[in-house]
Each structure stands twice: as C-alpha cells, then as structure tokens.
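Work through the exercises below with the model open. Try each task before reading its solution.

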Amino acid sequence: MQLMPLPKRNLQCGHLQLNLAEPHVMGILNVTPDSFSDGGQHHVKEQAVAHALQMMADGATVIDIGGESTRPGASPVTVDEEIRRVIPVVEALSQHDVVISIDTSAPQVIREAVKVGAQIWNDVRALSQPGALQTAAELDIPVIIMHMRGEPTTMNGLDQYDDVTHDVMRELQLRLNDALQAGVRAENIMIDPGFGFAKNAQQNLKLLQELYKLNQLGYPILSALSRKRFIGEALGGADAQQRAVGSVAGHLLSIQQGACMVRAHDVKATKDAIMVWQAMQMV
Ligand code: 7PJ
C-alpha cells in the first residue's frame with residue numbers, strides 16, 4: 001500500500017472552490033419517485049429546488065442530485081429518464097452559489113449535466129461503465145470514486161472480506177489506478193468507502209472505526225452513511241426517518257478521522273455537529 005501525506009487542498013469545482021481543510025456537507029437531493037427515505041416527495045422539480053435551497057440555507061455547500069435509485073433491489077432507470085429527472089433541477093440550481101454534484105454512473109447523464117452547470121461526478125460504480133473513465137478524463141471535473149462490489153442488485157451476496165478496510169482500500173486502489181491511467185487528474189479525485197454497498201452491518205462499523213486508514217490512499221475522503229440500514233441496526237432497529245441523530249454521530253466520527261465531506265439528508269443537524277467540532281478544534 002502506497003503511503004502519501006494527508007491531502008488538505010482545494011477542490012476546483014468549475015468557478016467555485018471548496019476548501020477541503022474544513023469539512024463540507026453535501027446535501028442529498030433525490031429526484032427519484034421511489035427514493036427510500038424521501039418517499040419520492042421531491043420528485044417534482046419545484047419541490048426539489050426548494051428542498052435544495054433549504055439545504056443550502058442549512059449549511060450544505062454541495063448538493064448531490066440523483067435520478068437513479070441505487071438501493072438494493074431498485075429497478076434500473078433508462079439514461080433518458082435519468083436525464084429527464086436531473087437536468088431541470090441542475091439548470092435551476094446552477095443560478096445559485098452552490099456546487100452541484102450528480103449521483104450517476106452514466107457518462108451521458110454527467111455530460112448533459114455538466115453542460116448546464118454541474119461540477120462534480122459522484123459515481124457509486126467508480127467509473128466502471130463503458131466510456132466512464134474517458135468521460136471523466138475529458139470533462140476534467142472532480143469525481144468521487146466509491147467502493148462497491150457488483151451492482152446494487154447483486155451486491156448483497158458479495159460481502160466476503162478477509163479484512164474489510166484493507167480489502168476496500170485495495171479494491172479502491174485498483175479503480176484509482178484505472179482512473180489515473182485513463183487521464184483523470186489526481187487533483188480531481190475524492191474517495192468514498194461505500195458504506196452499505198456490498199457490506200454487512202459489522203463490516204460497515206469496522207470501516208467506520210478504521211476510516212482514518214483510507215487517508216493512506218492520499219485522496220480526500222467522503223463519508224456517506226446517512227440514514228443507512230446499519231445506522232438503524234445500531235439504533236436497535238430504527239427506520240429511515242428515525243436515523244438522523246445516529247447518522248450525524250457516524251458522520252462526526254468520520255470527520256474526526258479525516259473525512260472532509262459528508263453526504264447527508266439532515267443537513268442542519270449535521271452542520272451543527274460539525275460547528276461544535278470546529279469550535280473545539282479552534283481552542
Ligand atoms: C452513496 C452515494 C454513497 C456516494 C448513494 C443512499 C444510497 N454516493 N449515493 N456514497 N449512496 N458517494 O443514499 O443510501 O454511499 S444512494
């Protein structure tokens with residue numbers, strides 16, 4: 001495993017810059033009708049935009065827009081449908097002072113989104129779809145490379161690890177190598193352990209406990225465990241709506257270990273926790 005100094009740098013997102021020396025909240029904006037935690041209530045463009053503006057007021061510096069549900073067993077959507085859901089929202093938000101991230105694996109979707117103002121490619125499939133590596137290199141925008149095994153539909157049986165943190169790092173490194181090889185610039189890369197993707201509850205907790213180890217890979221870390229099942233299990237079986245405080249706790253534990261961005265549904269609570277952590281850091 002390659003050892004590199006901890007990167008604390010700026011992420012250039014189009015005309016906007018994120019200073020990664022301080023933690024950022026990425027607010028989740030689902031524009032899927034079957035979204036597990038929104039119940040599809042933000043499907044309508046106006047509602048989606050209003051929700052994004054509220055998250056910005058609450059402290060989100062990035063809005064992550066997703067038009068494809070990646071929860072286990074979710075039915076796939078066509079690229080056209082994803083574009084139809086996502087683009088109008090990107091167009092509306094691009095008028096505002098916020099970084100727009102697109103949660104997609106489809107090169108066509110990110111290309112269309114960038115044309116209308118999106119700045120970050122958040123790919124849970126780590127640039128594995130046909131044409132994805134080349135598209136990321138060509139667009140020359142920040143990309144989030146997440147660890148997963150298989151597909152959201154098949155990943156649940158793929159949780160055999162010797163040492164989950166070590167294996168996740170090794171498999172992430174392979175995706176990183178491919179990205180760099182294809183011409184993606186290191187300055188544009190963020191990494192994500194992929195909580196809940198081909199991992200059971202114990203493995204997710206182990207990854208959270210050892211998240212600091214991912215700093216060795218040499219890229220800024222995004223932690224995304226908002227309202228996920230393992231948080232609910234740690235809470236003794238809380239359903240998605242009851243997982244906000246547990247998610248804040250998990251995100252703060254991630255930041256304490258070096259994560260510089262957290263992807264959250266509950267932006268205000270997350271931001272408050274980060275502000276307490278920052279106040280402590282200042283002493
Ligand atoms: C993740 C994501 C994640 C990144 C989703 C959900 C499912 N993007 N998109 N990391 N999860 N980077 O929010 O539970 O863990 S969709």
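**Exercise 1. A residue in a strand**

In which strand does Leu-29 lie? Place Leu-29, classify its burial and list its contacts beyond the local sequence.

Solution. The model is predicted.
- Step 1: Leu-29 lies in β3, the strand of residues 24-30.
- Step 2: The relative accessible area of Leu-29 is 0%. Buried means under 20%, so Leu-29 is buried.
- Step 3: Leave out residues up to four places away in sequence. Leu-29 then touches Ala-48, His-51, Ala-52, Met-55, Ile-63, Asp-64, Ile-65, Gly-66, Val-89 and Leu-93.
- Step 4: Now take a distance. Leu-29 and Asp-97 are 68 residues apart along the chain, and their C-alpha atoms are separated by 16 Å.

**Exercise 2. The whole chain**

Describe the protein by its secondary structure, its dimensions and its contacts.

Solution.
- Step 1: Count the elements. The protein has 9 helices and 10 strands.
- Step 2: Compare the radius of gyration with the globule rule. The radius is 17 Å, and the rule gives 19 Å for 283 residues; the two are close, so the protein is as compact as a globular protein of that length.
- Step 3: Take the box along the principal axes. The C-alpha atoms fill roughly 45 × 40 × 40 Å.
- Step 4: Check burial. Of the 283 residues, 55% are buried.
- Step 5: Sort the contacts by separation. Among contacts with a separation of 6 or more, 67% are between residues 24 or more positions apart.
- Step 6: Turn to the surface. The protein exposes about 12,100 Å², and carbon and sulfur atoms supply 53% of this area.
- Step 7: Place the charges. There are 23 positive and 31 negative charges, and their mean positions are 2 Å apart.

**Exercise 3. An aromatic pair**

How many aromatic pairs does the count come to? Give the geometry and the setting of the rings.

Solution.
- Step 1: The count comes to 1 aromatic pair.
- Step 2: Phe-195 and Phe-230 form the pair, with 5.6 Å centre to centre and 25° between the planes. Planes under 30 degrees apart count as stacked, so this pair is stacked.
- Step 3: Find the elements. Phe-195 lies in the loop between β8 (189-192) and α6 (201-209), and Phe-230 in helix α7 (residues 229-234), so the pair ties together parts that are 35 residues apart in sequence.
- Step 4: Check exposure. Phe-195 and Phe-230 are both buried.
- Step 5: Follow Phe-195 to a contact. Ser-223 touches Phe-195, and also Leu-211, His-251, Ser-254, Ala-259, Met-261, Val-262 and Arg-263, not counting residues up to four places away in sequence.
- Step 6: Place this serine. Ser-223 lies in strand β9 (residues 222-223) and is buried at 0% relative accessible area.

**Exercise 4. Positive phi**

Where do Ala-126 and Ala-198 lie, and what is the phi of each?

Solution.
- Step 1: Recall the background. Most residues other than glycine have a negative phi.
- Step 2: Ala-126 has a positive phi of about 50°. Its place is the loop between β6 (120-123) and α4 (132-139).
- Step 3: Ala-198 also has a positive phi, near 60°. Ala-198 sits in the loop between β8 and α6.
- Step 4: Check burial. Ala-126 is buried at 3% relative accessibility, and Ala-198 is buried at 1%.

**Exercise 5. Buried, partly exposed or exposed?**

Classify Arg-111, Tyr-212 and Gly-237. Then give a C-alpha distance for each.

Solution.
- Step 1: Set the limits. Exposed means over 50% relative accessible area, buried under 20%, and partly exposed in between.
- Step 2: Arg-111, in helix α3 (residues 107-115), is partly exposed at 29%. Outside its local sequence of four places either way, Arg-111 touches Thr-135, Glu-138 and Leu-139. Arg-111 and Glu-46 are 65 residues apart in sequence and 23 Å apart in space.
- Step 3: Tyr-212, in the loop between α6 and β9, is partly exposed at 43%. Tyr-212 and Gly-67 are 145 residues apart in sequence and 31 Å apart in space.
- Step 4: Gly-237, in the loop between α7 and α8 (244-256), is exposed at 62%. Gly-237 and Gln-173 are 64 residues apart in sequence and 34 Å apart in space.

Conventions: Residues numbered from 1 in each chain as written. Predicted model: local features only at pLDDT ≥ 70, side-chain atom pairs only at ≥ 80, totals over all residues. Heavy atoms only, no water. Helix = DSSP H or I, 4+ residues; strand = E, 2+ residues; numbered from the N terminus. Rg over C-alpha atoms; globule rule 2.2 N^0.38 Å. Buried < 20%, exposed > 50% of the residue type's maximum accessible area, 1.4 Å probe, protein only. Contact = heavy atoms within 4.5 Å. Areas by Shrake-Rupley, 256 points an atom, 1.4 Å probe, with all protein chains shown as cover. Lys, Arg positive; Asp, Glu negative; His and termini not counted. Charge placed at Lys NZ, Arg CZ, Asp CG, Glu CD. Phe/Tyr/Trp six-rings, centres within 6.5 Å; stacked < 30°, edge-to-face > 60°.
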